[in-house]
Amino acid sequence: MIAGAPAAGKGTQCAKIVDKYGLVHISVGDLLRAEVAAGTPAGKKAKSFMDNGDLVPNEVVVEMVKNKLGEDAVQQNGWLLDGYPRSGEQAEAIEKEGIRPDVFLLINVPDELLIDRVVGRRSDPETGEIYHLTFKPPPPEIVPRLVQRSDDTEEKAVNRLRTYHANVDAVIGYYKEQLVEIDGTQSMDEVFASIQKAIDNAKVVAA
Ligand code: AP5
């Protein structure tokens, strides 16, 4: 599992983890954005919560994650859960299913650095690559096709941060034994080196 405040670098590191370890990346934010884009009932319910930077209700999220974790490719290759659980209730829900991580990575970045990361983020809809206008500048030829998330404004980021701080301690409480805190202020490659160390040293608890 990987956790951290908005724009702490979870998605950036997940891409590197998947490359190296071949796990299936399950990003709850990406799953929800796909539901919103497809206009499904779940997406319609989720949209206003996401726009406000609040947690989407458990009735939408919990089953979605459970179904995803049950897929064949996930069972065969292992999972990397990004952005779940985000509350004590969500942790409790997967505990009940016997789902536990081998390692719980918490990427720590002070709030004052996160707003810059949020507003400068752009992603490439063709490759899924995440860029930052300052910290990871995109190649000039792809700039016209890059997109900015609708919740990546300073105003929305403030509430996303508030939501994160209100819930993170309850989540950590479930994973004290698997918790590894990562200094997310380092360069992207340095963060990944710390993560590799944590994964390679993790005691495997799940089959
Ligand atoms: P989600 O999509 O998960 O958003 P988030 O948690 O706010 O995280 P982000 O995707 O913004 O950031 P990230 O940590 O992946 O950072 P990134 O690598 O892109 O969730 C969105 C919404 O969905 C939530 O607000 C909520 O409404 C809903 N939701 C999701 N999960 C839910 C759940 N379980 N229950 C209920 N609702 C849920 O990096 C950010 C930027 O920084 C990039 O530009 C990157 O290039 C740059 N960067 C990365 N690392 C570094 C570094 N080391 N140095 C400098 N720059 C860096």
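**The ligand site and the core behind it**

Let me begin at the ligand, where a backbone N or O atom of Lys 10 lies 2.8 Å from one of the ligand's oxygen atoms; please keep in mind throughout that this is a predicted model. A polar side-chain atom of Thr 12 also approaches the ligand, lying 2.6 Å from an oxygen atom, while on the nitrogen side a polar side-chain atom of Arg 117 lies 3.3 Å from a ligand nitrogen. Taken alone, the ligand exposes 1,100 Å², and of that the protein buries 96%. The elements that contribute two or more residues to the surrounding shell are helix 1, residues 10-21, helix 2, residues 28-38, and strand 6, residues 130-132, and of these helix 2 gives the most, with 4 residues.

As for the make-up of that shell, it has 15 nonpolar, 10 polar and 8 charged residues, and of the 33 residues around the ligand, those that come nearest are Thr 12, Asp 54, Arg 86, Arg 121 and Arg 160.

Arg 117 takes us to helix 7, which spans residues 111-120 and in which Leu 114, Ile 115, Arg 117, Val 118 and Gly 120 are buried. The buried residues of this helix pack against strand 5, residues 121-123, against strand 6, and against helix 8, residues 154-174.

Within helix 8 I would point to Thr 163, which counts as buried because its relative accessible area is 15%, under the 20% cut-off. Setting aside neighbours within four places in sequence, Thr 163 is in contact with Gly 53, Asp 54 and Leu 55, and Asp 54, as I said, is among the residues that come nearest to the ligand.

Turning to the interior, the largest nonpolar core has 50 residues, and those with the most contacts inside it are Ile 2, Leu 32, Leu 81, Tyr 84, Phe 104, Leu 105 and Ile 195. If we leave out residues up to four places away in sequence, Tyr 84 touches Met 1, Val 28, Val 61, Val 62, Val 65, Gln 90, Ala 93 and Ile 94.

Two backbone details remain. The peptide bond from Tyr 84 to Pro 85 is cis, with omega near -5°, and Pro 85 lies in the loop between strand 3, residues 79-82, and helix 6, residues 88-96. The other detail is Ala 7, in the loop between strand 1 and helix 1, whose phi is near 70°, a positive value in a residue other than glycine. Is Ala 7 buried or exposed? With a relative accessible area of 14%, Ala 7 is buried.

How values were computed:
Residues numbered from 1 in each chain as written. Predicted model: local features only at pLDDT ≥ 70, side-chain atom pairs only at ≥ 80, totals over all residues. Heavy atoms only, no water. Near = heavy atom within 4 Å. Polar contact = N/O pair within 3.5 Å; in protein donor to acceptor, adjacent residues only side chain to side chain. Areas by Shrake-Rupley, 256 points an atom, 1.4 Å probe, with all protein chains shown as cover. Nonpolar A, V, L, I, M, F, W, Y, C, P; charged D, E, K, R; others polar. Buried < 20%, exposed > 50% of the residue type's maximum accessible area, 1.4 Å probe, protein only. Contact = heavy atoms within 4.5 Å. Core = buried A, V, L, I, M, F, W, Y, C linked by side-chain atoms within 4.5 Å.
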